[in-house]
Amino acid sequence: MKKTIALILAIMIIATMAIIPVSAAPGNENYGNVKKISDSDINMSNGERDSVWDYALAIPVADDTGGGTITGTTWVLWSDTAFYFYTEVNDPTPVSVDLSDWEDGDYFDAWISDSVEIFISVEGDSGNLDVTPTGNFDDACWQFRIDRDGIPSSYQRNGAWTDDFMCGASVNKDRYEWAVKQDGNKYYTKHKITMLGAPHAGELGLQIQINDLEEEGGGAPQVRANGASGSWDADQFGYVVLVDEPAYIAPVVEDTPADEPAPAEVVPDVIVAAPPPAPTTGDAGIIAFAAIMIIAAAGVVVFKKQTAK
Ligand SMILES: [Ca+2]
């Protein structure tokens, strides 16, 4: 009997393990759920904070494993066509880069300047654009970077250096779009990433990193969203869960369409359709007045007849 019970328990345990969904590797940080928007909700022509960001998942970027002391926050949204990121950076040492360096191919400035980098997990083969499937964060990723002066750069882990490195004008907007806003010791970056194909619901492995150039020619310590991984260790990235739910409910449009009757035109129909009203006090008064007039007229006739006698 005991053997039978033990066997049943063993079968139940195995069956339970079999229905546990495959998920990201243990230890990968889950940042939370990210809801969906329409592309028209985001204006990529400037670095302003669109109102729809109020409905986005916020991820703090302040892990000091990379030696940085600055802080920032990145908000995340997605649509049928793109991943969106909006980042606010508090940088007390804003440093502008010399744009002529970029034209000269001085690519090293790319990652030591004040800048925001988004890394997204993909499958491991070099050149692959497929976002890593759920539960299988590979050690590969693409980087999408924007500096505070609005210079983009992009690279894939294990890409061919420097052929696969894109910077400045070489970054095609079919890859990703970017916008920046500077405001004293703050700056804001906006990413719209379309290169990795149409997003779909599920887990998305990512790292967010802010580089802080403290002075021209100086060091550039970093802060990250997740200290468990470095910049490129995609198998240790945290992840968000893209859920197929609208981030907000669109407000009801109050304007009456031109081809529909205005409410005022409906009112007469309602009145016509109503039953005739019951006699009122006013009607009774009219009847009584008429009766008095008839009696008075009769009285005049009688009076005239009496006078004629
Ligand atoms: Ca700085």
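Two residues are in contact if their C-beta atoms, placed from the backbone, lie within 7 Å. The exercises below use this meaning for a predicted model.

**Exercise 1. Find which residues valine 240 touches, leaving out those up to four places away in sequence.**

Solution. Apply the cut-off of 7 Å between C-beta atoms. Set aside residues up to four places from valine 240 in sequence. What remains is Tyr31, Gly32, Val34, Leu57, Val76, Leu204 and Leu206. Next, look at the nonpolar core. The largest one has 49 residues, and Val240 is among those with the most contacts inside it, along with Val76, Leu77, Tyr84, Ile120 and Leu206. Strand β4, residues 83–90, gives the most to this core, with five residues. As background, nonpolar side chains in soluble globular proteins tend to be buried together.

**Exercise 2. Decide how far the model can be read in detail, using pLDDT.**

Solution. Start with the whole protein: the mean pLDDT is 78, and 67% of the residues reach 70 or more. Then look for weak stretches. Over residues 12–22 the pLDDT is below 50, and this stretch has two contacts beyond near neighbours in sequence. Residues 265–292 also stay under 50, with two contacts beyond four places in sequence. Where pLDDT is low, the predicted coordinates should not be read in detail.

**Exercise 3. Describe the overall make-up of the protein from its helices, strands and contacts.**

Solution. Count the elements: the protein has five helices and 13 strands. Turn to burial: of the 309 residues, 31% are buried. Last, take the contacts with a separation of 6 or more; residues 24 or more positions apart account for 67% of them.

**Exercise 4. Determine whether strand β11 is largely enclosed or open, and list the strands that pair with it.**

Solution. Strand β11 covers residues 202–211, and nine of its ten residues are buried, so the rest of the structure largely encloses this strand. Now go through the pairings.

- Strand β5 (residues 115–121) pairs with β11 in the antiparallel sense over six bridges; serine 115 has asparagine 211 of β11 as its bridge partner.
- Strand β13 (residues 238–246) runs antiparallel to β11 and is joined to it by five bridges. Here leucine 206 is partnered with glycine 238.
- Strand β12 (residues 222–224) is joined to β11 by three bridges, again antiparallel. Asparagine 211 has glutamine 222 in β12 as its partner.

Asparagine 211 therefore appears in two of these pairings, facing serine 115 and glutamine 222.**Exercise 5. Trace the pairings of strand β7 and place cysteine 167 beside them.**

Solution. Begin with β7 itself, residues 152–156: four of its five residues are buried. On one pairing, five bridges join β7 to the antiparallel strand β6, residues 141–147, and arginine 145 has serine 153 as its bridge partner. Four residues lie between the strands of this hairpin, where glycine 150 takes a positive phi near 85°. On the other pairing, two bridges join β7 to the antiparallel strand β8, residues 166–167, with serine 154 opposite methionine 166.

Cysteine 167 lies in β8. Its C-alpha is 4.1 Å from that of serine 153, although the two are 14 residues apart in sequence. To classify cysteine 167, count C-beta neighbours: a buried residue needs 20 or more within 10 Å. Cysteine 167 has 19 inside 10 Å, so this residue counts as partly exposed.

How values were computed: Residues are numbered from 1 along each chain as its sequence is written. This is a predicted model: local features need pLDDT of at least 70, side-chain atom pairs count only at pLDDT 80 or more; totals for chains, interfaces and linings use all residues. pLDDT is the predictor's confidence in each residue, from 0 to 100. A residue is buried if 20 or more other C-beta atoms lie within 10 Å of its own, exposed if 12 or fewer, and partly exposed in between; C-beta atoms are placed from the backbone. Two strands pair if DSSP finds at least two bridges between them. A nonpolar core is a set of buried Ala, Val, Leu, Ile, Met, Phe, Trp, Tyr and Cys residues joined through C-beta atoms within 7 Å.
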